[in-house]
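Trainee: Could we walk through a structure together, one question at a time? I would like to see how each answer is reached.

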Amino acid sequence: MKTKNKIGKVLIFIGTIFLFNTEIKSQANFDSLKIKLPKHYFNTVINLDSYRKAKQDFTDTTDFLAKRLKSYGIKQFSASFYTPLFTDITEGKGKGITKSTHVLLTGNFLLLQPKFSGISQHTLLKTGIGIRCIFNSGKKGVWFVDASPFITKDITYVSKGYFRAASTIVYSHNPNEKFNWRIGITKSFMWGNKNYWPFLGIRIGKLDKVNLSIQFPRSINFNIPVGPKLTMSLYTKPQGGMYNFSNRDSLYYISNDATFSYTRYELNTGFRADVRVSNRFNFYVATGFCSKNNVTFYSETANKSRPRLPYKKYFFSENLGPTLFFNAGLVFKFGKSRSFYNEKNMYDVMDLNNTIGVGDNNQSAGNPQIPITPKVKKNLNLSSIQDLIDYNEF
Amino acid sequence: MKRFFKIVVFVCMFLYSGHSFAQGSRDKVAELRVSFISKKLEMTNSESEKFWPVYNEYNDKIKAIKRNLRQSYKKGVDNLSDGEAEELYQLDIKSKKAEAEIHEQYAEKIKAIIGAKKTVKLRVAEEEFKIEIIKNIKDKSD
């Protein structure tokens, strides 16, 4: 009996070694080539964005601040980026399911010039570094968590900056590649105040084909890929924020506050074209109408009792009529990334990352990483397809 | 601000002109192949969920092996010393062996996901796609 047990143990031991060795052997030649494969699914992406809203006169003749400010327009420039910090891929043993976790570093730098013709020109800065984590369950679900702390400051005059933080948690479910729903919660300033919104989203249609995407409170998009190089979109989305504004012009006269909070939001409805020039560079242009043009000034002192809640006590608030806006941006992609063709969850991971743009500016770089299947086979040359064909096949 | 934009446009044009067009075409062909294969295989949703991550990983590895070899040959073969030629020869052999290893390893994984019948179909689809490409090139050159 003892001998049998011993033999059994030895066999298990040898078997383990054999299995272990086979595993090593099965990769031996590949490992010896010392080829570095891309670690991440995400490229490093830099987005430069310029946004203008036409000037309009304040028509309210009863409010003396409106009379003093005279007119209002927006000029905005932002630079943002995201870069992968960490990617973990787990293969479910025997189930063939690949789970993945992605941690990205995000950053944004925004310069905003509200154009009030009745007072001196102010340049407002909003900048921050954030982190986002996306978990792809490998089945139907994707989790998204984002934290975007930022500082706003009036850089035209000496003023103290304000520290704020936006954040989002979303669960995204993909029953199939043509349909997706999302649920979550988001803390954002894009509607011109500190708001906690439920995040509710639905998408009908494949991400690389014609699709309608409604993502409350961020955007409604109807996307039409015209070809592998061009995507047209009809969209509506809010654009805005809460910024620190120097009281140099004594707009707030009730107390001697050095700064106050200038908030704005506008609802942009228009048309956007995303052009994929190359694998490394895209650009987009968008134009349309701004409606619900709101500008509000809140005193920080008067709202001191509401540090975590939306501000209520304002000393100036006006809604202007519809006007035109123009938006254009450049998108640069760097580095190599892993392939994820036809992986609907990874497409959703990319889409989540772009729908919930970097920072809290509600700007999207488009979906530069989701491949759009080309329809026509053209411009194929031999050197371009060496990976696919061996010479002896001719 | 205007100067900044000029710099940005310049950088962007530089990147664009410096970009490898061959890489762009290669990606386009890879996208076409994926589309071709997915049409031919007719997988269920559940199979598709499991299959594509494995197949993409397999392709990334094969592509990396071929790219590595191609870059080694890029230096030219006319002025190679005996030592360099031997090194290149060994790399060629190793690369072929590595390809075979990866192929075997992933064929097993793919078979476990989509079954033997569809795995055979996959190989046929890959071959058919190659023939399509060759036809396309021949048509252009005629």
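**Strands, helices and hollows**

Mentor: Happily! This is a predicted model. Let us begin in chain A, where β3(A) runs antiparallel to strand β4 (residues 124–136), joined to it by 13 bridges.

Trainee: Which residue of β4(A) stands opposite A:Ser100?

Mentor: Keep the pair β3(A) and β4(A) in view, since these strands run antiparallel. Look across from A:Ser100 into β4(A), and the residue you meet there is A:Asn136.

Trainee: How many residues lie between β4(A) and β5(A) in their hairpin?

Mentor: β4(A) also pairs with strand β5 (residues 141–154), in the antiparallel sense and over ten bridges. Within that pair, A:Leu125 stands opposite A:Lys153. The turn of the hairpin holds A:Gly138, which has a positive phi of about 85°. The number of residues between the two strands is four.

Trainee: Further along chain A, how many bridges join β12 to β13?

Mentor: Find β12 at residues 259–276 and β13 at residues 281–298. A hairpin of four residues links them, and A:Tyr265 stands opposite A:Asn294. The two strands run antiparallel, and the number of bridges joining them is 15.

Trainee: What is the bridge partner of A:Asn294 in β14(A)?

Mentor: β13(A) has antiparallel pairings with other strands too: ten bridges join it to β15 (residues 323–334), and six join it to β14 (residues 314–320). In β15(A), A:Val285 is partnered by A:Ala328. In β14(A), the partner of A:Asn294 is A:Asn319.

Trainee: How many helices and strands does chain B have?

Mentor: Chain A comes to three helices and 15 strands. For chain B, reading along the sequence gives the pattern α-α-α-α. Its count is therefore four helices and zero strands, as helices and strands are read from DSSP runs.

Trainee: Is B:Ile102 buried or exposed?

Mentor: Start by finding B:Ile102 in helix α4 of chain B. From C-alpha to C-alpha, B:Ile102 is 7.6 Å from B:Lys61, although the two are 41 residues apart in sequence. The relative accessible area of B:Ile102 is 0%, so this residue counts as buried.

Trainee: And why does A:Lys344 count as buried?

Mentor: A:Lys344 sits in helix α3 of chain A. Leaving aside neighbours within four places in sequence, A:Lys344 is in contact with A:Lys139, A:Asn174, A:Asn176, A:Glu177 and B:Glu49. Buried means under 20% relative accessible area. A:Lys344 counts as buried because its relative accessibility is 14%.

Trainee: What share of the residues of chain A counts as buried?

Mentor: For chain B, with 142 residues, the share is 46%. Chain A has 394 residues and exposes about 18300 Å², with carbon and sulfur atoms supplying 63% of that area. The buried share of chain A's residues is 54%.

Trainee: Now the hollows. Which class has 15 residues in the lining of the second largest pocket?

Mentor: This pocket holds about 840 Å³ of space. Among the elements that each supply at least two lining residues are β3 and α3 of chain A and α2 of chain B. Of the 39 lining residues, those nearest the centre are A:Glu177, A:Lys206, A:Asn342, B:Ser38 and B:Trp52. Eleven lining residues are nonpolar and 13 are polar, while the class with 15 is charged.

Trainee: What is the volume of the largest cavity?

Mentor: Rolling a probe the size of a water molecule over the atoms shows where empty space is left. The count comes to seven cavities of 30 Å³ or more. The largest is lined by 31 residues, with A:Asn221, A:Asn223, A:Ser364, A:Gly366 and A:Asn367 nearest its centre. Its volume is about 550 Å³.

Trainee: Which strand gives the most to the lining of the second largest cavity?

Mentor: That cavity has a volume of about 100 Å³. It is lined by 13 residues, and A:Asn47, A:Ser80, A:Val358, A:Gln363 and A:Ala365 are the closest to its centre. By class, the lining has five nonpolar, eight polar and no charged residues. With three residues, the element that gives the most is β2(A).

Conventions. Residues are numbered from 1 along each chain as its sequence is written. Chains are lettered from A and ligands numbered from 1 in the order in which they are written. This is a predicted model: local features need pLDDT of at least 70, side-chain atom pairs count only at pLDDT 80 or more; totals for chains, interfaces and linings use all residues. Side-chain values use heavy atoms; hydrogens and water are left out. Buried means under 20% relative accessible area, exposed over 50%, partly exposed in between (1.4 Å probe, protein chains only). On a 1 Å grid over the protein atoms alone, a cavity is a set of points where a 1.4 Å probe fits but cannot get out, and a pocket is an open set with protein on both sides within 12 Å along at least five of seven lines; lining residues have an atom within 4 Å of a point. Grid points are joined across faces, edges and corners, and a volume is the space filled by probe spheres set on the points. Ala, Val, Leu, Ile, Met, Phe, Trp, Tyr, Cys and Pro count as nonpolar, Asp, Glu, Lys and Arg as charged, and the others, Gly among them, as polar. Two strands pair if DSSP finds at least two bridges between them. Accessible areas come from the Shrake-Rupley method with a 1.4 Å probe; for residues, only the protein chains shown count as cover. Contact means heavy atoms within 4.5 Å.
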